[in-house]
Structure formats: C-alpha cells, structure tokens
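These are my notebook entries on a few local features that I looked up, one site at a time. I began with a single serine side chain and then turned to helices.

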Amino acid sequence: MPNRLSFLLILTTYVALFSAQVQSYDQKDLNNEIVIAANWQQHSAEYEAYFYQVYNIASDRLSNAISKTPAGKKPAIITDIDDTLLSNTRYFSSLVGTEDRRNTERSLSYWQQEDPKALPGAVNFLQKANDMGIDIFYISGRYHSVKGITISHLRNLGFPVKSEEHVLLQEPNNKTLSKNDNRRLVIEMGYFPIMLLGDQLSDFEDTSHLALPDRNHWVLNHQTFFGDSWFIFPNVVYGQWEEKISEKYPRHAPLEIHRARKYLSQITQNTRLRMPDSYYQHIALADLWIQHSADFTVNALQTYSAATDALSAPENLSRQNKAIVVDIDGTIIHYPTIHLSPPLCQQFDSPKDKFNNYISQFDSPPVPGAKEFLDSAYRLGYEIFYVTSRAHSSGLQGYEGDIASLTLAQLNKNNFPNAQPKNLLNSSRFCPENMSSCGKHFQRKAIQNGKINNKKYEIALYIGDLLNDISLAEQGLSPIEKSSLEKTKHLYGREYFLIPNPVNKTWMRQFYSKIAGTDICLLSEQERAELRVNLLLDWEGKHDYLKPNHETINE
C-alpha cells in the first residue's frame with residue numbers, strides 16, 4: 001500500500017491525464033462509488049425479483065437433480081451465505097460517507113451484531129430441499145470465531161442447519177481455507193453435490209488465478225452448468241470481479257484507485273459528461289459491473305438459459321398464437337456507459353442530440369444469451385414482439401419515425417428474428433387518443449387484443465430488466481412496489497425473466513421520486529445525492545427524506 005505522498009502523486013498524474021476538475025480523490029470518494037449499486041441491492045424490487053427467479057428455477061430442477069446422484073452417494077446442496085442467503089449489502093454501504101476501509105475488525109463486528117435479512121426465496125427453497133432428503137452445506141469465507149452466531153442466525157430465519165459440521169467457514173485462528181477445499185471435504189464425506197449456489201464465480205470453482213479476459217472465457221466454457229446445477233446471484237457492490245478489473249493497472253496503486261481511474265477515464269471520453277459530479281461517482285461501481293464483469297455475463301446467460309427451457313414447456317408450446325415480449329435496452333442490447341448521457345434529470349439539448357445519442361449506441365453488442373434465446377423462440381414458432389420505451393421520433397423536422405427506423409436497423413444488425421415494423425412497439429404505439437407516449441402495458445394489451453394484425457396472441461414469456469417490462473400493471477399491481485412481488489413471486493423464472501440492470505435510469509427516477517414525494521428532477525443535484533446516501537442508512541426504505549424546504553415544490 002503506497003504512503004500518503006505516493007498516493008497523492010498517483011492522483012496528480014491521473015488528474016493531468018484526463019483533464020479532470022478534481023483536486024483529490026480520497027477514500028471517502030472511493031466509498032461513494034458504491035451508492036447506486038447498494039441502493040439497487042437494498043431497495044429495488046428488481047433485485048428481489050431476481051432472487052425469486054433463481055430460486056424458482058432451482059426449485060423446479062430439484063427432482064431431476066436428485067435423480068443424478070450416483071449409487072452409494074448422498075445428495076447435497078452447497079451454498080454460499082452472504083448475498084446468496086443473507087443480505088450483506090449493509091456492511092459495504094456503511095462505509096459510504098466515511099474514510100473507513102474494509103478490515104477484519106469491522107467484518108467481525110458486523111457479523112456479530114447484524115440483524116440479518118434472508119433474501120427472497122432462499123428459506124423456502126432450502127426447506128423444500130431438506131424435506132426431500134438433501135443435505136445442505138453452508139460454505140462461507142466468514143471467520144471461524146463467528147460460526148456459532150452464524151448458525152444461530154441461519155436457524156432463527158428458518159434455514160435448515162442439520163449440524164455444526166454442515167457449516168464450513170474459515171479454520172480456527174482464521175487460517176485461510178478456500179471454498180474449493182471445503183467443497184472437497186463435503187465430497188470426501190460421501191456426498192454428491194447436486195447443486196451449487198453463490199454470488200461469486202469462486203462459489204463454483206476456484207477462479208482466483210484467472211485474469212479478466214480468462215474469467216469471461218471460463219464463464220463461456222461453463223455456461224451450461226448455470227441455471228441447471230449451478231445458480232448465481234448478482235452482487236454489484238463487491239467481489240473478485242472488481243479486483244480483476246483493477247489488474248489492468250500498475251500493481252503499486254491501490255485497488256480502489258484503479259477502479260476510479262478506469263471509470264472516470266471512460267466517462268471523460270464523452271464531452272457531455274462532467275466531473276466531478278456525485279451522480280457519476282455514485283454510479284461508478286454499478287456501471288463497471290455491467291460493462292466489464294464476467295459476473296454480469298453469467299447472470300445474463302443463466303437467465304436466458306432458463307427462459308429457453310421455458311419455451312419448450314408443453315403448456316407454452318400448446319398456446320394459440322403464442323408470443324413472447326422482450327424489452328430492448330439492457331435486456332437484449334447491452335447497456336453502454338454512453339447510455340448514461342445525458343445524466344439523470346438532464347435532457348438532450350436538441351432533437352439532433354437525441355438522435356445522435358441513439359446513433360452512438362448503434363454498435364452496442366447483444367446481451368449474452370439473448371440472440372440464442374430469440375432464435376430458439378423463432379424456431380419454436382413464437383411471434384416475437386419488441387416492446388420498448390424508445391420514442392418513435394427524435395423530433396427532427398422532416399424525420400418522422402427516425403428512431404423507430406434506427407431501432408429496427410439495430411435489431412437487424414444483430415440478426416434478431418421478427419425485426420420488422422409490426423413487431424416493434426415503441427412508446428408511441430397504441431396509446432390512448434390523448435397521449436402521445438404511454439406505458440408498455442398499452443402495447444402489451446394491443447398484442448393480446450388483436451390490434452397488431454387481427455390476431456389475439458397469447459403471451460407466454462416476458463423478458464426485461466425492469467418490472468415495467470412484465471405484466472404487473474395489467475393485474476392492477478405497481479411495478480415499483482415490492483408488495484407486487486409477493487403476489488407474483490411464483491411467476492419469476494417461469495413466465496417472467498429479468499436481466500439485472502442496476503444502472504437503469506427509469507428505475508432510479510421512479511424509486512427516488514417515490515421516496516422524495518416529488519419528482520426528484522425538481523430537486524438539486526446535491527439534494528438528490530443526499531437522498532441516495534440517506535437511503536443506504538435506511539434498511540427497509542420506509543422513511544421520507546423530503547426536507548421541509550422542499551414542500552413548495554409540490555404546490
């Protein structure tokens with residue numbers, strides 16, 4: 001770790017290289033990079049829905065998985081604990097606004113004092129597995145000294161813990177024992193792991209020696225396991241993935257400096273993006289996860305693998321005029337950093353700027369697994385509808401339908417099937433007469449009511465990165481309320497499929513506005529930043545952070 005002088009020299013060089021208007025970038029600034037990632041994991045309905053999705057998929061595969069147990073072996077499930085069964089986001093969000101770093105003492109204090117929250121679907125899934133005679137082994141990097149309290153927390157939340165031997169942490173004196181070593185111990189006890197669950201690649205195989213490109217190759221070589229016997233969950237706030245991104249930079253600089261330099265160098269390549277700006281700082285880690293981690297890739301592949309299996313379900317194949325509905329941005333087309341421009345609450349200066357922004361995203365690659373899924377749907381006879389919040393036109397005079405045409409060209413560039421005008425439903429199509437733009441439920445109703453081509457389609461699957469992309473509104477449910485999840489939790493991973501997207505601006509504006517009690521774009525950037533940080537201190541997201549001097553905004 002460099003001393004204070006070398007630390008400042010690194011920062012000075014960095015500022016000169018990228019012409020940034022920043023005098024220093026200290027530990028507090030680095031901690032603030034987690035804000036939007038942590039808010040998404042602590043408060044978004046999409047994050048919780050993804051857990052229901054994965055646990056439903058795993059639950060549906062239990063019987064088949066047991067049948068693969070070799071004679072003379074006992075079936076077992078091996079699962080990670082933190083951010084797989086129990087939410088650990090609070091530990092990392094507690095660093096925001098401080099100069100503190102992650103350390104052993106802080107970790108021990110957190111594990112000993114935490115009031116843990118079980119992640120959605122986890123308890124029911126493991127209880128079902130236990131009732132089916134499957135032994136559950138909990139493998140974690142937690143220290144041995146917190147083994148007793150960890151077991152107590154798990155049992156109090158309803159997780160089946162058969163014995164202390166079923167919880168494998170670090171050895172006494174915190175001697176490092178890899179998860180691979182612990183998995184081998186389970187096998188040596190006569191068990192056959194039918195499923196592995198985790199939020200890091202290392203929960204499935206030792207990937208610590210792999211550099212960033214090799215991690216992506218590893219994912220592609222092992223993708224058939226994910227969604228079948230291996231099940232991964234998104235973890236945007238920490239993990240080996242961020243260390244691997246940092247390895248591209250000189251080894252003498254701290255990990256966090258690498259991360260900041262990587263992100264800030266990217267955003268300064270676009271002259272529209274200003275620095276310093278709390279929004280870009282707060283979103284840095286979430287955007288890096290989307291853009292560069294193999295972990296995002298494997299979560300997307302897992303989702304599309306399960307969705308492909310759902311296409312072949314007899315109840316779906318037998319539908320009349322069967323169809324699927326897919327979102328575009330962040331779902332089948334990758335969500336590039338340029339998509340963050342203009343930043344939240346800023347508008348394009350002109351219709352030309354708006355159109356040019358879409359052009360700048362034209363070469364964005366497909367989300368991993370999307371093309372293969374859509375091709376499978378097409379081969380099985382599904383009509384594919386692309387329902388998007390993109391506008392029909394930029395507003396440029398004489399260029400009616402320019403964004404729609406560009407969108408179709410982009411879909412065809414990626415060789416997506418059914419990419420034709422009748423299958424592209426943008427935010428201007430099938431709206432009520434008094435609305436020039438409307439929500440996606442109007443387009444979905446048009447598909448089902450025969451307004452497309454006089455066919456009434458039965459929608460088998462919905463694929464998106466927001467709850468707005470699935471049929472909650474049609475059921476009278478709010479796509480931004482977690483209460484909607486409880487009523488639809490059985491559909492995730494079966495009819496509803498989500499791609500994790502912590503940088504989605506629509507989610508941010510809807511959620512933060514709900515908390516503030518007013519459109520957050522009526523607040524200043526400083527007030528919005530304070531709101532994001534305050535939410536990290538509120539685990540359940542119940543408090544109203546609207547300050548008294550904001551009341552006039554609602555008038």
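Entry 1, the serine. In this predicted model, I found a polar atom of the S293 side chain 2.7 Å from the backbone oxygen of W289. I then followed the S293 side chain to a second backbone atom, the nitrogen of F296, which it reaches at 3.0 Å. I placed S293 in the loop between α14 (278-292) and α15 (294-311). Is S293 buried or exposed? I read a relative accessibility of 2% for S293, and since buried means under 20%, S293 counts as buried. Setting aside neighbours within four places in sequence, I listed W241 and L288 as the residues in contact with S293.

Entry 2, the packing of α15. I next examined how α15 packs with helix α4 (residues 45-60). At what angle do α4 and α15 pack? I noted an angle of about 55°, with the axes 11 Å apart. Angles from 35 to 65 degrees fall in the oblique class, and α4 and α15 are therefore oblique to each other. I recorded the crossing of α4 past α15 as left-handed. Which residues meet there? From α4 I wrote down Y50, Q53, V54 and I57, which meet N299, Q302, T303 and A306 of α15.

Entry 3, helix α20. I looked up the buried residues of α20 (residues 440-448) and found K440, Q443, R444, A446 and I447. They lie on the same side of α20, because they cover an arc of only 155° around the axis. In an α-helix, residues three or four places apart point the same way, because there are 3.6 residues a turn. What covers the buried residues of α20? I noted that the cover includes the strands β6 (322-326), β7 (383-387), β8 (424-425) and β9 (458-464). After α20 I came to G450, whose phi is positive, near 85°.

Entry 4, a phenylalanine. I located F92 in helix α6 (residues 89-93). F92 has a relative accessible area of 6%, so I entered F92 as buried. Leaving aside neighbours within four places in sequence, I found F92 in contact with I34, R102, V237 and Y238. I also checked F92 against N31, which is 61 residues away along the chain; their C-alpha atoms are separated by 8.5 Å.

Terms used: Residues are numbered from 1 along each chain as its sequence is written. This is a predicted model: local features need pLDDT of at least 70, side-chain atom pairs count only at pLDDT 80 or more; totals for chains, interfaces and linings use all residues. Side-chain values use heavy atoms; hydrogens and water are left out. Buried means under 20% relative accessible area, exposed over 50%, partly exposed in between (1.4 Å probe, protein chains only). The arc is that of the directions from the helix axis to the C-beta atoms. Contact means heavy atoms within 4.5 Å. A polar contact is a pair of N or O atoms within 3.5 Å; within protein, one must be able to donate a hydrogen and the other to accept it, and residues adjacent in sequence count only if both atoms are side-chain atoms. Axes are lines fitted to C-alpha atoms, for helices over the stretch in contact, and angles run from 0 to 180 degrees between N-to-C directions. Angles under 35 degrees count as roughly parallel, over 145 as roughly antiparallel, 65 to 115 as roughly perpendicular and the rest as oblique. A crossing is left-handed if the near helix is turned anticlockwise from the far one by less than a right angle, and right-handed if clockwise.
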